[in-house]
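Subject: Handover of a protein structure

Dear colleague,

Please find below the structure that I am handing over to you. I would be grateful if you could keep it open while you read the notes that follow.

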Amino acid sequence: MKPEEPPTPSFESHYEEGLVLPDYGDGTYHPTAFAGEVKQVDYGLPPQKPEQFPGRKEEEEEEEKPKKGVGGGGSKEEEEGDLDEDRWTGERGKDRKGKPKKTGGKKWETDEDEWSPEEKIKCPPIGMESHRIEDDQILASSMLRHGLGAQRGRLNMQAGSNEDDFFDGAWCAEDDSRIQWIQVDTRRTTKFTGVIIQGRDSLIQYLFYGNVDKDTPVMTKFPEPKVARFIRIYPLTWNGSLCMRMEVLGCPLSSIHSYYSLQNEVMTSVDNLDFRHHNYKDMRQLMKVVNEECPTITRIYNIGKSSRGLKIYAMEISDNPGEHELGEPDFRYTAGIHGNEVLGRELLLMLMQFLCKEYKDGNPRVRNLVTETRIHLVPSLNPDGYEIASQMGSELGNWALGHWNEEGYDLFENFPDLNSILWAAEERKLVPHKVPNHHIPIPEHYEAEDATVAVEVRAIMAWMKKIPFVLGANFQGGEKLVSYPFDMARPVNENEVAPPMLDDYGEENLELKETPDHAIFRWLAISYASAHLTMTETFRGGLPRTGYDRWNGDRQRGQVEPTSRHPGLSMVPSSSPSAISGMNDFSYLHTNCLELSIYPSCDKFPHESELAQEWENNKESLLTFMEQVHRGIKGVVTDEQGDAIANATISVVGVNHDVITASGGDYWRILNPGEYRVTARAEGYNPSAKTCSVFYDIGATQCNFILSRSNWKRIREIIAMNGNRPLNGRLPNGRPLTPRERMRWRMRMRQRARLRQQMRERLRNATAAPTTVPTTPPPSTAFPFQFSSTTLPPWSREPPTTESATTWETEVYTETVTEWVTDDALTEVVDAGEETTGTAFPMTTAETYTVNFGD
């Protein structure tokens with residue numbers, strides 16, 4: 001039987017003068033959040049004075065005196081009774097040596113009968129921000145409008161871009177009377193220890209006087225934990241309107257056996273992993289331990305440094321770490337690009353441990369994944385931002401603390417804008433013969449030394465170029481969905497500086513710009529979202545950002561809430577109106593890698609107690625998404641001698657986005673199941689095309705190409721050896737054409753084109769006549785014309801034939817055309833006002849048309 005607890009001391013010292021702890025005799029307690037304190041609510045009941053315990057007042061006075069010790073006094077934690085086990089052991093050892101510990105001028109007495117203060121209980125959040133508390137568990141006395149209901153009163157709930165958005169960022173009462181309240185039902189007996197409050201996320205300051213601003217959370221701890229099922233908050237005073245966002249701290253004391261309890265339970269994972277938050281030093285130590293546990297399949301390296309000089313560590317997991325094997329695709333997971341979005345960081349650290357343990361235990365799925373894939377995991381792309389966010393902890397950091405790096409850059413949005421280059425070229429019809437539809441070059445001004453580019457972004461870009469990634473995802477936070485390119489919306493016209501804003505219901509006034517790989521992006525997004533335990537559940541409540549993202553006040557990205565307006569939809573393109581490109585767009589337009597953004601949880605910085613649950617929610621999704629890198633086609637491009645051809649272009653009919661081969665000539669192209677016509681091209685080689693089929697089962701279809709050399713490369717070499725001058729010397733002194741000569745040449749070429757077209761039409765008409773079935777004349781000995789054997793000598797001419805008799809005749813038309821060619825052989829005609837950059841010379845070719853009139 002559990003021993004009886006000592007009597008509870010008086011808590012008068014925790015309150016201001018005149019404030020009395022309310023006691024209603026029923027074991028329930030209704031705290032009131034105000035200015036970081038808990039104040040009394042007058043219910044018309046007579047206040048009762050707390051019971052006094054003899055001797056306690058003298059002890060408190062002694063504790064308030066300056067502490068004096070012999071041989072080093074005790075620390076503040078020792079004075080409050082917050083010592084750990086080791087330090088307790090040390091103190092007992094001192095007593096045995098005859099050197100008693102003195103605190104406050106008194107000997108340390110070990111009187112078992114003397115009462116000692118109980119250690120304060122630290123309870124985790126009950127799940128308001130993380131949405132473990134469902135919408136129907138939150139009630140309020142009233143609401144200003146639907147978008148400001150009780151369900152919007154969660155901690156860090158974000159609003160839209162204006163004050164009249166359909167979904168807003170707080171609970172607001174109907175009026176400003178003091179009878180308004182907001183209540184949470186935990187569906188179980190809970191020991192409540194405190195609340196965390198915020199003001200309304202709005203352009204206007206709606207907050208309590210105890211808060212510094214509307215975004216920074218303030219924790220109010222109760223002087224005494226209270227056990228109850230419900231907790232009701234009565235706001236007393238505020239600035240502006242009565243609006244609130246909050247989180248409740250509490251420890252569950254009983255288990256509920258109803259259906260709804262499963263939604264509020266924190267799952268315990270069966271995997272023996274390190275479920276805690278890791279700072280920079282702990283992260284580095286954990287990666288080192290994993291590397292020591294699995295040295296044959298892991299390798300630690302860094303891709304660069306942060307602004308503060310912290311290394312950006314990466315771990316490679318493969319059967320041959322450190323080397324790119326021919327035919328083995330490279331996959332990457334990155335996290336922490338925003339320092340305050342911590343869940344992705346911890347998920348990747350847990351994934352490292354999981355892959356190592358399961359590989360050693362012989363898990364066939366993990367072994368096949370590690371053997372056939374080169375996996376790269378980067379848990380923290382912005383270590384500086386994390387160090388800032390971790391100082392406030394998981395609950396007291398606001399929505400943007402640590403979001404940027406040390407220099408103030410949003411790393412996700414700091415990548416070069418290649419979308420505008422591609423779309424401008426498409427409008428001028430320069431794609432793909434002038435501007436490629438893939439691997440678009442980075443603008444020179446962006447690579448300048450004085451460019452406004454973050455150090456971390458430069459390191460990430462160099463890492464992307466160095467390794468031929470095929471598929472990747474970056475983890476962010478604050479939502480529960482998967483998004484894919486394009487992040488940037490295409491303006492309607494060139495004069496439009498920024499796309500239009502969203503309306504109140506988040507419906508775009510601008511048609512979204514889809515990528516050529518929209519179908520495969522959607523497949524990849526579904527593969528992660530459908531394997532997630534809660535991402536596609538339709539009963540989940542409103543998320544912190546419902547169609548909006550206002551990290552820096554002006555950027556909006558297309559996040560779709562999966563429950564309210566679009567039930568079950570948790571994978572969306574990021575191309576809601578936005579004038580800023582992102583990391584996903586850069587990866588798609590400059591490399592072969594298809595990059596997606598994964599938002600695994602509504603809580604950016606979940607409490608440590610929820611990490612096991614989040615791991616179970618995302619474990620299957622993490623593995624399923626990695627396996628998608630083996631979907632589509634793969635192969636090697638070589639020449640006739642078997643040598644690999646690097647940078648060969650792989651084109652798929654119907655998909656206006658190409659990929660190129662790696663240094664070893666191997667390539668990968670993720671495609672949905674179907675039949676595709678694939679073409680391989682390389683400079684100096686003749687193109688080769690074949691049909692490749694993709695099946696539903698995991699496993700890429702092998703599709704190799706052998707290219708033969710072309711004569712064009714030799715022709716260009718000969719022209720270059722001649723100094724790019726005319727080969728036959730028909731132009732005097734190799735001078736370029738004058739505008740008048742160029743105009744005459746254009747007219748001659750147009751005339752020749754018309755003549756060729758007329759000749760083709762005549763030949764077509766001539767061949768069309770015999771297609772009619774001729775009528776066979778009746779057998780007769782009479783000739784169709786007058787003939788007499790007496791008028792013509794025998795064998796004087798060929799025997800006469802009838803006009804309807806079938807004859808076979810072939811005519812050959814040959815036309816000689818002279819075309820003027822500049823440096824790059826045959827080029828298109830330029831306008832009369834332009835000047836040629838090279839020396840023009842004529843090239844004579846012959847076009848031969850063979851027509852068989854019997855066809």
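I begin with a single contact: the side chain of Asn-437 reaches the backbone nitrogen of Asp-658 at 3.5 Å. Please bear in mind throughout that this is a predicted model.

Asn-437 is found in the loop that runs between α10 (419-427) and α11 (455-466). Is Asn-437 buried or exposed? Its relative accessibility is 5%, and buried means under 20%, so Asn-437 counts as buried. Leaving aside residues up to four places away in sequence, Asn-437 touches Leu-422, Val-431, Asn-656, His-657 and Asp-658.

The second item is helix α5, which covers residues 280-293 and has 14 residues. From its first C-alpha to its last, α5 reaches 20 Å, close to the 20 Å expected at 1.5 Å a residue. At the start of this helix, a side-chain oxygen of Asn-279 comes to within 3.2 Å of the backbone nitrogen of Lys-281.

Which residues of α5 are buried? They are Tyr-280, Met-283, Leu-286, Met-287 and Val-290. These residues cover an arc of only 130° around the axis, and therefore they lie on the same side of α5. The elements that cover them include β10 (298-305), β11 (311-317), α6 (343-361) and α8 (383-390). On the face of α5 turned away from this buried side, you will find the exposed residues Lys-281 and Glu-292.

The third item is a hairpin. Strand β22 (residues 674-681) pairs with strand β23 (residues 688-694) in the antiparallel sense, over 7 bridges. One of the residues to look for is Gly-674, whose bridge partner in β23 is Val-694. The hairpin has 6 residues between the strands, and Gly-684 takes a positive phi near 90° there. When you inspect the strands, it may help to recall that side chains in a regular strand alternate between the two faces of the sheet.

Finally, some values for the protein chain as a whole. The chain has 16 helices and 27 strands. Of its 855 residues, 47% are buried. Among contacts with a separation of 6 or more, 76% are between residues 24 or more positions apart. The accessible surface of the chain comes to about 43600 Å², and carbon and sulfur atoms account for 51% of that surface.

Yours sincerely,
A colleague

Conventions. Residues are numbered from 1 along each chain as its sequence is written. This is a predicted model: local features need pLDDT of at least 70, side-chain atom pairs count only at pLDDT 80 or more; totals for chains, interfaces and linings use all residues. Side-chain values use heavy atoms; hydrogens and water are left out. Helices (H or I, at least four residues) and strands (E, at least two) are DSSP runs, numbered from the N terminus. Buried means under 20% relative accessible area, exposed over 50%, partly exposed in between (1.4 Å probe, protein chains only). A polar contact is a pair of N or O atoms within 3.5 Å; within protein, one must be able to donate a hydrogen and the other to accept it, and residues adjacent in sequence count only if both atoms are side-chain atoms. Contact means heavy atoms within 4.5 Å. The expected span of a helix is 1.5 Å times one less than its number of residues. The arc is that of the directions from the helix axis to the C-beta atoms. Accessible areas come from the Shrake-Rupley method with a 1.4 Å probe; for residues, only the protein chains shown count as cover. Two strands pair if DSSP finds at least two bridges between them.
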